[in-house]
Amino acid sequence: GHWAEKDIERLASEGIISGVGEGRFEPNGQITRAQFAQLLMNMNLVPSGDIEVPQFRDVNPDAWYSEAVTWAVSCGAAKGMGDGTFAPDAPITREQMAAMMNRFLKLAGIEITAVTEKDFTDESAISDWAAADVKTLTEAGIINGRDDGRFDPENDMTRAESAAVICRVLDI
């Protein structure tokens, strides 16, 4: 009965997304930076790249997400935090997701077009490095703002929101 149930079931059936264990998905739970990188990698639309991947001090080569982080950085879909870390276990913010997704779309050769103009009441809160990505994705209808007119850039993405965004990209 969750608003994103169809998107979640679709991605699960395609092997792109999985639950958190014990038969649970937790749609309103946070999604981490590493988990989002894994979802992008699971879409199989962008091969590994040739960008040199730094040894992030917080990414253990034996961690479950090591391959996804390496893939995301090597192809250019993701970047580290600028301080020698990737922050794999940190929740991904809405603006971080927009930046990562927009880079991914370009790498996959997926062209998106604006279908509407979007202005947010908290536009000044969107970081400069993410502003163009947020604008591109919201005007293309890939990610939405909040019901109260905000984009809410620093808030964390939920697992359901991430599933919805990925389904919208797959439908392009």
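Which helix gives the largest share of the lining of the second largest pocket? In this predicted model, that share is four residues and comes from helix H2, residues 33-42.

**The two pockets**

The second largest pocket has a volume of about 170 Å³, and its lining is formed by Gly15, Ile16, Ile17, Ser18, Gly19, Ile31, Gln35, Gln38, Leu39, Asn42, Trp64 and Arg159. Divided by class, these lining residues comprise five nonpolar, six polar and one charged.

The largest pocket, with a volume of about 210 Å³, is lined by Arg33, Ala78, Lys79, Gly80, Met81, Gln96, Ala99, Met100, Arg103, Trp129 and Asp133. Two elements, helix H4 (94-108) and helix H5 (128-139), give two or more residues to this lining, and the largest share, four residues, comes from H4. The class division of the largest pocket's lining is five nonpolar, two polar and four charged residues.

The table sets out the volume and the lining of each pocket.

| Pocket | Volume | Lining by class |
|---|---|---|
| Largest pocket | about 210 Å³ | five nonpolar, two polar, four charged residues |
| Second largest pocket | about 170 Å³ | five nonpolar, six polar, one charged residues |

**Packing of H2 with H3**

Helix H2 also packs with helix H3 (residues 66-75), the axes of the two coming within 8 Å and crossing at roughly 70°. An angle from 65 to 115 degrees counts as roughly perpendicular, and H2 and H3 are therefore roughly perpendicular to each other. On the H2 side the contact is made by Ala34, Ala37, Gln38, Leu40 and Met41, and on the H3 side by Glu67, Ala68, Val69, Trp71 and Ala72. The residues of this contact divide into eight nonpolar, one polar and one charged. Gln38, one of the H2 residues in the contact with H3, is also among the residues that line the second largest pocket.

**Packing of H1 with H6**

A further helix pair is formed by H1 (residues 5-13) and H6 (residues 159-170), whose axes come within 9 Å and cross at roughly 70°, which makes H1 roughly perpendicular to H6. The crossing in which H1 passes H6 is left-handed. From H1, the residues that make the contact are Asp7, Ile8, Arg10 and Leu11, while H6 contributes Ala160, Ala163, Ala164, Ile166, Cys167 and Leu170. By class, the contact of H1 with H6 has eight nonpolar, no polar and two charged residues.

Definitions and conventions:
Residues are numbered from 1 along each chain as its sequence is written. This is a predicted model: local features need pLDDT of at least 70, side-chain atom pairs count only at pLDDT 80 or more; totals for chains, interfaces and linings use all residues. Side-chain values use heavy atoms; hydrogens and water are left out. Axes are lines fitted to C-alpha atoms, for helices over the stretch in contact, and angles run from 0 to 180 degrees between N-to-C directions. Angles under 35 degrees count as roughly parallel, over 145 as roughly antiparallel, 65 to 115 as roughly perpendicular and the rest as oblique. A crossing is left-handed if the near helix is turned anticlockwise from the far one by less than a right angle, and right-handed if clockwise. Contact means heavy atoms within 4.5 Å. Ala, Val, Leu, Ile, Met, Phe, Trp, Tyr, Cys and Pro count as nonpolar, Asp, Glu, Lys and Arg as charged, and the others, Gly among them, as polar. On a 1 Å grid over the protein atoms alone, a cavity is a set of points where a 1.4 Å probe fits but cannot get out, and a pocket is an open set with protein on both sides within 12 Å along at least five of seven lines; lining residues have an atom within 4 Å of a point. Grid points are joined across faces, edges and corners, and a volume is the space filled by probe spheres set on the points.
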